[in-house]
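Pull up the model alongside the sequence and take a short tour of its fold, its core and its charged pairs. A viewer that lets you pick residues by number will help.

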Amino acid sequence: MTALATHDPQQTADLDRELNTATLRSAFSHFPSGVAALAGVANGEKEGLVASSFTVGVSLEPALVSFAVQNTSRTWPRLKRAERIGISILGEGHTSVCRQLASKEGDRFAGLDLRTTDEGAIFLHGAALWLDTTVHSELPAGDHTMVLLEVHGVHDHSAEHEPIVFHRSAFRNLRTAEGNQ
């Protein structure tokens, strides 16, 4: 007999229905996510932001990835004008880099070890993965915008740099589970 067959249909799920910002942030923090830096040169200036809402594998044909950006972002309207946007999946040594790139003040790129393509995609050295992308489309999603990006090139650095994850409002190291090597 399966677990479903032994379930008592009379038991009800106890859910918090007060869906305010604090409740939702806390609930969503239980889902670990990778952390991506998106950066490019737009109108001759380096622009960049950090997204923990980044998703790979949206589509293989065409190759699409996505992320969600707040509608109040001041950076996204400038960054989306870049010819190419580099995505760096942040590695274990990037916790302070993540905070720096997410800062609203100062030069977000000061002192960072960067690589740039001829088309203006900017990548961070020490990242687990690089993706060279362009904006494919944008979709309204409440107080955010879902952005689909088309992938034009990749470089895998995961053998040298383990990615970090964001979980329960903190950066954490991702370690290979025993037996999953």
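The report below goes from the overall make-up to the interior, and then to salt bridges and backbone details.

## Ground rules

This is a predicted model, in which local features need pLDDT of at least 70 and side-chain atom pairs count only at pLDDT 80 or more, while totals for chains, interfaces and linings use all residues. Residues are numbered from 1 along each chain as its sequence is written, and side-chain values use heavy atoms, with hydrogens and water left out.

## Overall make-up

The protein chain has three helices and twelve strands. Both kinds of element are DSSP runs numbered from the N terminus: helices are H or I with at least four residues, strands are E with at least two. Of its 181 residues, 35% count as buried. Here buried means under 20% relative accessible area and exposed over 50%, with partly exposed in between (1.4 Å probe, protein chains only).

Contacts, meaning heavy atoms within 4.5 Å, often span long stretches of sequence. Among those between residues at least 6 apart, 63% join residues at least 24 apart.

## The nonpolar cores

In soluble globular proteins, nonpolar side chains tend to be buried together. A nonpolar core is taken as a set of buried Ala, Val, Leu, Ile, Met, Phe, Trp, Tyr and Cys residues joined through side-chain atoms within 4.5 Å. The largest one here holds 19 residues, of which Leu38, Phe54, Phe67, Trp76, Ile87 and Leu149 touch the most other members. Two or more residues each come from strand 2, strand 3, strand 5 (63–70), helix 2, strand 6 and strand 10 (144–156). A second, separate core has 13 residues, including Val35, Val97, Leu101 and Leu124.

Ile87 is a good residue to click on. Leaving out residues up to four places away in sequence, isoleucine 87 touches Ala36, Ala37, Leu38, Phe54, Val65, Phe123, Leu129, Trp130, Leu131, Thr133 and Leu149.

Another is valine 147, which sits in strand 10 and counts as buried at 0% relative accessibility. Beyond its neighbours within four places in sequence, valine 147 contacts Val65, Ser66, Phe67, Val69, Trp76, Ser137 and Glu138. The C-alpha atoms of valine 147 and leucine 64 are separated by 9.9 Å, although the two residues lie 83 residues apart along the chain.

## One cavity

Rolling a probe the size of a water molecule over the atoms shows where empty space is left. On a 1 Å grid over the protein atoms alone, a cavity is a set of points where a 1.4 Å probe fits but cannot get out, and lining residues have an atom within 4 Å of a point. Grid points are joined across faces, edges and corners, and a volume is the space filled by probe spheres set on the points. The whole structure has one cavity of 30 Å³ or more, with a volume of about 30 Å³.

Its lining consists of Ala37, Ala39, Ser88, Leu101, Phe109, Ile122, Phe123 and Leu124. Strand 8 gives the largest share, three residues, and strand 2 (36–42) also supplies at least two. By class, seven lining residues are nonpolar, one is polar and none is charged. In this scheme Ala, Val, Leu, Ile, Met, Phe, Trp, Tyr, Cys and Pro are nonpolar, Asp, Glu, Lys and Arg charged, and the others, Gly among them, polar.

## Salt bridges

How many salt bridges are there? The count is four, each a side-chain nitrogen of Lys or Arg within 4 Å of a carboxyl oxygen of Asp or Glu. One joins arginine 78 to glutamate 47, with the closest N and O atoms 3.1 Å apart. This pair links helix 2 (residues 76–79) to strand 3 (residues 45–51), across 31 residues. Arginine 78 is partly exposed at 34%, whereas glutamate 47 is buried at 10%.

Lysine 80 and glutamate 138 form another, at 3.3 Å from N to O. Lysine 80 lies in the loop between helix 2 and strand 6 (85–89), and glutamate 138 in strand 9 (residues 129–141), 58 residues apart. Aspartate 113 also pairs with arginine 115, at 2.4 Å between the closest N and O atoms.

## Backbone details

The peptide bond from glutamate 61 to proline 62 is cis, with omega near 0°. Proline 62 is in the loop between strand 4 (55–60) and strand 5.

Asparagine 43 has a positive phi of about 55° although it is not a glycine. Asparagine 43 lies in the loop between strand 2 and strand 3 and counts as exposed at 64% relative accessibility.

How values were computed. 1 Å grid on protein atoms, 1.4 Å probe; cavity = no way out; pocket = protein on both sides within 12 Å on 5 of 7 lines; lining within 4 Å.
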